[in-house]
Structure formats: structure tokens, C-alpha cells
Amino acid sequence: MRTVLVLQGPLSPLYRQIADRLEAAGCRVLRVNLNLGDVLHWRRPGGIAFRGRPEAFGDFLAGLIEREQVTDLVLHGDRRIYHRIAGSVARARGVRVIATELGLLRPDWMLIERDGCAMASHFPEDPDTIRAIAAQVPKRDRTVRYPSSFFLVAVPDVIYNLVAVAGRPLFPFFRRHTPDHPVLDYGAWLVRLLGEKKRDARAAALAARLGADIARWHVLALQLDGDFQIRDNSPYAGMVPVMAEVIASFARNAPAGDHLVIKNHPLDNGLLRLGAAAARIAAAHGVADRVHFVDGGGLKPLLAGAAGFVTVNSSAALEALAAGVPVTALAPALYRISGLVFTGPLDAFWAGAPAPDAALLDAFLDSAAATLHVRGSIHSRAGLPAAAAAMAARILADDLNQPGGYVDPPPRLALARRLGIPV
């Protein structure tokens with residue numbers, strides 16, 4: 001009998017519903033709860049509380065794996081503090097590690113990979129291999145089956161984190177994987193909401209200038225400082241160092257008439273005042289009149305006619321690629337594939353990079369959809385059980401990420417090591 005141990009899942013009942021399906025198929029399912037929010041989301045048998053310090057988690061988990069004869073470990077986001085420890089402990093004991101994430105394809109896909117995601121993904125990066133996979137799998141369904149609900153995005157997040165804060169006496173040593181305290185984060189967000197209309201209006205005014213007053217421009221898409229894509233899957237400590245590097249390179253190398261549009265992440269809470277930081281950096285490099293910070297609106301108006309798109313490793317790059325905009329990624333990303341993105345030095349990007357190969361992009365999306373993703377969404381009432389059923393089936397199967405979606409070693413780790421990212 002397979003014994004599946006699950007750790008923290010996404011902020012939804014997803015893992016609880018997966019567990020129901022695994023047990024119906026004859027598996028035994030256990031769960032380690034790290035805070036009271038985990039307990040709230042689990043609400044079923046098999047829950048085991050860990051109340052110790054993070055430094056003791058490895059020994060605790062090793063004992064649990066051996067005592068309960070665990071065969072599979074399932075976790076959401078393989079770079080979280082406890083999950084990094086758990087992955088190492090499990091692999092050393094021959095336990096199959098399965099990582100889930102929100103889908104690279106949006107809005108109603110979920111990611112499920114053997115061993116790791118993002119920088120640690122085993123998905124191939126060789127274009128010919130990707131084309132070969134695409135030739136074997138069905139074309140992806142592009143219709144949106146499960147539209148996202150803002151209620152299901154925001155409310156479970158707030159409830160989970162506030163319950164975890166309230167339950168601190170029961171789990172005194174729990175360490176959050178997010179940098180800001182939830183109360184501070186939510187308070188800042190309420191302040192941000194008051195100014196949303198003004199920010200959107202300013203964004204629309206700048207978008208109207210693109211192609212009219214501004215003939216040629218590039219877009220830098222910011223990510224969240226607290227995102228593990230930045231903290232653990234990139235060489236940057238946050239968005240200010242990213243802006244410093246990109247603006248400096250732009251000032252040195254971009255043609256004199258070019259402009260740089262910096263698009264803030266829509267979920268930024270405003271505490272870091274990134275717009276002010278961008279203005280200071282641009283002034284220091286003598287390009288204050290050619291660098292624009294956009295703190296509202298959508299990405300689509302900025303991409304129409306853009307000369308280039310710069311990101312660290314954001315999934316927003318797929319929107320740029322679909323629009324035919326040349327893309328460069330500063331850190332390992334699933335889509336950082338020769339022919340899709342510019343893989344040369346950033347300084348060489350500004351003068352002109354080739355447009356993405358549309359056929360290769362289609363092959364990449366088809367192959368990633370078939371081997372790494374399932375249809376469903378934690379942000380949709382109908383999409384949640386669909387995701388749970390499909391993910392449970394993938395966990396039960398012996399051919400996770402096949403055909404061809406798993407190669408060893410993970411091909412993006414070589415670049416990570418060159419960039420000095422701990423792997």
C-alpha cells in the first residue's frame with residue numbers, strides 16, 4: 001500500500017480533496033500541519049502537528065517517513081522553508097517527491113511535477129526535444145473552462161493567514177515563507193485599493209503615448225519581492241536590484257530615442273515604494289525622461305508594439321511571447337529556451353533581438369500543457385474538484401510528466417550555478 005505524506009498546499013481545500021481521492025483509490029494519506037491555518041484547511045484524519053523549530057524539522061520528518069513507511073511526498077512550492085528540508089530528506093530515503101504550483105498556463109491550469117518546479121524542473125530545454133514531445137501529445141485546449149473568482153483568490157488567503165497568526169501560541173516556532181506580516185500586508189493593500197482608480201488612469205495615459213509620443217519602448221515586468229521565484233530561483237535579493245541592473249544596462253546600451261516602461265506587479269502592496277526607487281535610479285543614470293514607472297492597468301496595452309520585454313522569470317513572459325515581442329529572462333525559467341527567448345547578455349538585448357519562433361512557442365505550450373499541467377483551478381468552485389481529480393490521478397500514475405517531460409539532471413541548474421544561485 002502506498003503511503004502519501006502531504007505538506008502545505010495552496011490556500012484552498014485542494015490537498016484535502018486530493019487526499020479524499022487517494023484514499024478512495026486505496027492509499028493511506030498523512031499530513032503534517034505547521035500552523036493553525038494548515039489545520040483549518042485539512043480538517044480530516046491523518047493530520048500530524050509539528051510544533052518545533054524549523055531546524056528540527058528534518059529529523060522530525062525523517063523519523064515520520066521511516067516510521068510510517070512513506071512512499072510519496074506531495075508539497076506545494078518546492079522552495080518553501082519546510083519544503084526544501086522535506087525534499088532533501090525524502091529523496092535521501094528513496095521517497096518520490098511531487099511538487100505542485102499554480103499553472104504556468106493561465107488562468108485555469110495547475111502544475112504538477114516530479115521532484116521540483118521552476119529552476120529545479122526536469123522539463124527539457126532543448127527545442128528539438130520539445131518539438132518531439134509536441135508531436136506526440138494532443139493540442140492544448142485554449143478555452144477558459146474555469147474563470148477565476150476574486151473572492152476565491154483573496155478570502156482564503158486572508159482567512160488562512162489570520163488564523164495562522166491567531167494560532168501562534170499553538171505553533172510558537174512556525175516560520176512564514178512570506179516576508180511581510182499578514183496584518184501589515186493586508187493593511188497596506190487596503191490603502192492601495194483607495195488609489196487604484198488614479199493609478200489605472202495614469203497607466204492608461206502612458207499607454208496612449210506609446211506608439212504616438214514614444215516611438216520605441218521596452219517593458220520590464222516586476223515581480224514580488226516575497227515570491228520564491230525571486231528569493232530562491234534568481235540571483236536577486238528583490239526588485240530594487242533588478243531595476244538597478246536593467247536601468248543601468250538600458251542607459252548604457254539602448255538607442256538614444258528608446259524608452260523603458262517598468263510595470264509594477266499588480267499584487268505589490270506598495271510598502272517598498274518601487275516607483276520612487278525607479279525614479280532615483282533612472283536619474284542617477286541620466287535617463288529620468290526615458291524611464292516610466294507604471295503602477296496600474298494591465299500588461300497588454302504596454303506590449304502592443306513593444307521592442308522588447310525583460311523579466312527575471314515571470315510567467316508574464318508568455319503573454320509577451322504570444323504577442324510576438326522579443327523576450328529576455330535574467331534567471332532560469334521554464335520558457336528560457338533558445339529560439340523562444342534571447343539568451344545573450346542583457347547589454348546586447350536593447351539594440352534588437354529576434355522575435356520568438358511562433359511554431360516553437362506553440363510546441364512548448366502544447367508539450368508543457370500535456371506533460372506538466374492539469375486542467376483546473378483553486379480559484380474556481382468548479383475548477384477545484386477538477387484539479388483535485390486530475391492531480392490525484394497523476395499522483396497514482398507511474399508515468400508522471402510523460403511522454404518526455406522529465407529529463408535528468410534538471411537542465412536549468414547549470415545556468416543557476418553560473419549565476420550563483422544556491423541549488
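In this predicted model, helices α1 and α15 are oblique to each other, a description that follows from their crossing angle of roughly 50°, because angles under 35 degrees count as roughly parallel and those from 65 to 115 as roughly perpendicular. Helix α1 spans residues 14-24, and its axis comes within 8 Å of that of α15, the two helices meeting in a right-handed crossing. On the α1 side the contact is made by L14, Q17, I18, R21 and L22, while α15 contributes L384, P385, A387, A388, A389, M391, A392, I395 and L396. Sorted by class, these residues comprise 12 nonpolar, 1 polar and 1 charged.

A second helix pair, formed by α10 (residues 239-253) and α11 (residues 274-284), packs at an angle of about 30° with the axes 10 Å apart. That angle makes α10 roughly parallel to α11, since the cut-off for this description is an angle under 35 degrees. Here too the crossing is described as right-handed, with α10 passing α11. From α10 the residues M239, V240, M243, A244 and I247 take part, and they meet L274, A277, A278, I281 and A282 of α11. The contact of α10 with α11 divides into 10 nonpolar residues, with no polar and no charged ones.

From the helices one can turn to the backbone of the loops, beginning with the one that leads into α11. The loop between β8 (259-263) and α11 holds R273, a residue that has a positive phi of about 50° although it is not a glycine. The side of the question that concerns solvent is settled by its relative accessibility of 60%, at which R273 counts as exposed. A positive phi of about 50° is likewise found at R43, again not a glycine, and this residue sits in the loop between α2 (36-42) and β3 (47-49). With a relative accessibility of 58%, R43 counts as exposed, because the cut-off for that class is over 50%.

Two cis peptide bonds, each leading into a proline, complete the tour. One of them joins R106 and P107, with omega about 5°, and P107 lies in the loop between strands β5 (96-102) and β6 (109-114). The other runs from Q402 to P403, with omega near 5°, and it brings the reader back towards α15, as P403 lies in the loop between α15 (383-396) and α16 (413-418).

Definitions and conventions: Residues are numbered from 1 along each chain as its sequence is written. This is a predicted model: local features need pLDDT of at least 70, side-chain atom pairs count only at pLDDT 80 or more; totals for chains, interfaces and linings use all residues. Side-chain values use heavy atoms; hydrogens and water are left out. Axes are lines fitted to C-alpha atoms, for helices over the stretch in contact, and angles run from 0 to 180 degrees between N-to-C directions. Helices (H or I, at least four residues) and strands (E, at least two) are DSSP runs, numbered from the N terminus. Angles under 35 degrees count as roughly parallel, over 145 as roughly antiparallel, 65 to 115 as roughly perpendicular and the rest as oblique. A crossing is left-handed if the near helix is turned anticlockwise from the far one by less than a right angle, and right-handed if clockwise. Contact means heavy atoms within 4.5 Å. Ala, Val, Leu, Ile, Met, Phe, Trp, Tyr, Cys and Pro count as nonpolar, Asp, Glu, Lys and Arg as charged, and the others, Gly among them, as polar. Buried means under 20% relative accessible area, exposed over 50%, partly exposed in between (1.4 Å probe, protein chains only).
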